[in-house]
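Work through the exercises below with the structure in view. Each task is followed by a solution in steps.

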Amino acid sequence: MADPILEGRGLTKRFGGLIAVDGVDIAIERGEICGLIGPNGAGKSTLFGLISGVMRPTAGTVTFNGRSITGRSAHDICVAGVAVTHQIVRPFRDMSVVDNVMVGAFFGHRPRPRGRGGARAAAMEELEVCGLADRAESPARSLTLGGHKRLEIARALATRPEVLLLDEVLAGLNPTETDRTLDLVRTVRERGTTIVMVEHNLRAVRGVCSRIVVLVEGRKIVEGDPDTVLTDERVVSAYLGTAAHA
Amino acid sequence: MARNGAFAAIAIAALVAVPFVAPHAEYALDVLFLIFLYGAMATAWNLVGGFAGQVSFGHAAFLGIGAYATAIMTQNGISLWISVPVSALLAGAYSLVIGIPAFRLRGPYFSIATIGIGEATRLIARNWSSLTGGVSGLTLSSAPPLLLQYFAALALLVAAVGLAAWIRASRFGYALAAVRQDTDAAETLGVATTVAKTQALFLSACILGVAGSVYALHYLFVSPDSVFGFSTSIALVIMPIIGGLGTVTGPLIGAVIYTFIREQLAATLANVDLLAFGVLLIAIVVFEPRGILGIADRIRRMRKPPAVTVPDG
């Protein structure tokens, strides 16, 4: 990988005595869909937190487009062009769906749309892409879980990211919703947005990701193309346990 | 929106006409003056406490700084054209000094810190006698004509409500609403939340600074316990809550109710007004946290058939 768009080196996060992420090196190629998998507590969401500026790394660096963004604030990193969705959805509950997305359009990566009309038009475009256009004027709190997940994506897309970090957007969705969301992920990639997704649904990961990185207990244990990674002995034992354990 | 604008224009025109139609109704003019002043102050508080959701119990500090600044400058013969804007900016500057550390705290912790800031400011005013006259305060000799005061307070109210209406529909307003509902989510969407909160506090403090000028020139007396008093900070919290927190006109509605209760009850029996505010506040928090405007909204909904809800697809 000659020119990664996003690169973490030696990323470490310690919470007191617990090491959630332990010296992870990760490089994301421009235009790929990269899956980040691992058992619960492997440090996937923490790694996203370190990249997106929600948390400060204890050690290590994050480089985006060749520039260090290590330790910068979350809003700064969003403006730079890295957006993140929240595993536990965090809508602005009292706002309408379109107003939620307008916050992303008003702020976020440059160039920003002009004025309220511009922000609204941009927000409506993302709602269209995410299949929420008919719910634009509903209060955000009235959406179903699937709707909330798509709102998270629409809001992040409205910030015009170059890299989009999706944190378990499929969790809790039924099969129909899962397929719709995977189609959406592909559409977003086709627009030229690089995607990194944390996901537990391995079948979905296999279907949509071109590369997979596996974290176990805060460490990267293997990375590569889906078929190789998912049949790797270390990955299988991390998920299912070894014969010795069973 | 156009209807709101037309309604506001009619209301302003009527209020401008009052002193000419009824020039001798001094009591009524005085009550209206107080409503304008309190309305402007409550609207200013609401920019921070309502729009941005950062509930401050120390806003009297900004009123006091404006009042003292104007009183001191007026005693030294400085023109109001200079002293009023300077008072606003001093209050604004003070808001930056306290806002930058205080906004490192969130939610109730921020609110508690503002109580401390408000009280500390009052104690500084009490003890810095060479500047503030200490406990006995400062007295001014002559007030501007009542008519001028009336229009100054009206202009301040119109400016404050106009600013609030503009902010609410603007990019800045979206930032504040996002901060109020989920500060962390706002951050990840590119909103510089601390900057937005600080800007809101600065604007709020500047308006309170001007309100302090108007206050000093009306009462001709400022003392630490009057302008910096905790009861003033509480009044600024109560009014927007009564009317409707985070709305454009709610604080003004709250100011009308607050002023009437205070004028009517405080005159009949000492401290009954405080009891009334306590009961009103509890009733609102328990039954309709959206205040009077929330009640109005409920009535409107009852008269209209319920909207058909489309299930989320």
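Two strands count as paired if DSSP finds at least two bridges between them, and strands themselves are DSSP runs of at least two residues, numbered from the N terminus. The model used here is predicted.

**Exercise 1.** Find the hairpin formed by β9(A) and β10(A), and state how many residues lie between the two strands.

Solution.
- Step 1: Locate the strands. β9 covers residues 211-216 of chain A, and β10 covers residues 219-224 of chain A.
- Step 2: Check the pairing. β9(A) and β10(A) run antiparallel, with five bridges between them.
- Step 3: Look at facing residues. Val213(A) is opposite Glu223(A), and Val214(A) is opposite Val222(A).
- Step 4: Inspect the turn. Two residues separate the strands of the hairpin, and Glu217(A) in the turn has a positive phi of about 45°.

**Exercise 2.** Place this hairpin in its sheet: what is the order of the six strands in chain A?

Solution.
- Step 1: Go from β9(A) to its parallel partner. Strand β3 (residues 33-37) of chain A pairs with β9(A) over four bridges, and Cys34(A) stands opposite Arg211(A).
- Step 2: Add another parallel pair. β7 (residues 163-167) and β8 (residues 194-198) of chain A are joined by five bridges, with Val163(A) opposite Thr194(A).
- Step 3: Write the order. The open sheet of chain A reads β6-β7-β8-β3-β9-β10, with mixed pairing.
- Step 4: Consider the edges. β6 (82-84) and β10 of chain A each have a single partner strand, so one side of each has no neighbour in the sheet.
- Step 5: Note the twist. Ignoring direction, neighbouring strands of the sheet are turned by 20° against each other on average.
- Step 6: Add the helix. Helix α1 (residues 44-52) of chain A packs on the sheet and touches β3, β6, β7, β8 and β9 of chain A. The direction of α1 makes about 150° with that of β7(A).

**Exercise 3.** Decide whether Pro139(A) is buried, partly exposed or exposed.

Solution.
- Step 1: Find the residue. Pro139(A) is in the loop between α4 (115-129) and α5 (145-157) of chain A.
- Step 2: Recall the cut-offs. A residue is buried with 20 or more other C-beta atoms within 10 Å of its own, and exposed with 12 or fewer.
- Step 3: Apply them. Pro139(A) has 16 other C-beta atoms within 10 Å, so this residue is partly exposed.
- Step 4: List its contacts. Beyond residues up to four places away in sequence, Pro139(A) touches Asp94(A) and Ser96(A).

**Exercise 4.** Describe chain A as a whole: how many helices and strands does chain A have?

Solution.
- Step 1: Count the elements. Chain A has nine helices and ten strands.
- Step 2: Compare its radius of gyration with the globule rule. The value is 18 Å, close to the 18 Å given by the rule for 246 residues, so chain A is as compact as a globular protein of that length.
- Step 3: Add the burial. Of the 246 residues in chain A, 49% are buried.

**Exercise 5.** Which elements of chain A give two or more residues to the side that touches chain B?

Solution.
- Step 1: Begin with the contact. 27 residues of chain A are in contact with 18 residues of chain B.
- Step 2: Name the elements. They are α2 (74-80), α3 (97-106) and α5 of chain A.
- Step 3: Sort the residues on this side of chain A. Twelve are nonpolar, eight polar and seven charged.

Note on methods:
Residues numbered from 1 in each chain as written. Chains lettered and ligands numbered in written order. Predicted model: local features only at pLDDT ≥ 70, side-chain atom pairs only at ≥ 80, totals over all residues. Contact = placed C-beta atoms within 7 Å. Rg over C-alpha atoms; globule rule 2.2 N^0.38 Å. Nonpolar A, V, L, I, M, F, W, Y, C, P; charged D, E, K, R; others polar. Axes fitted to C-alpha atoms, helices over the stretch in contact; angles between N-to-C directions.
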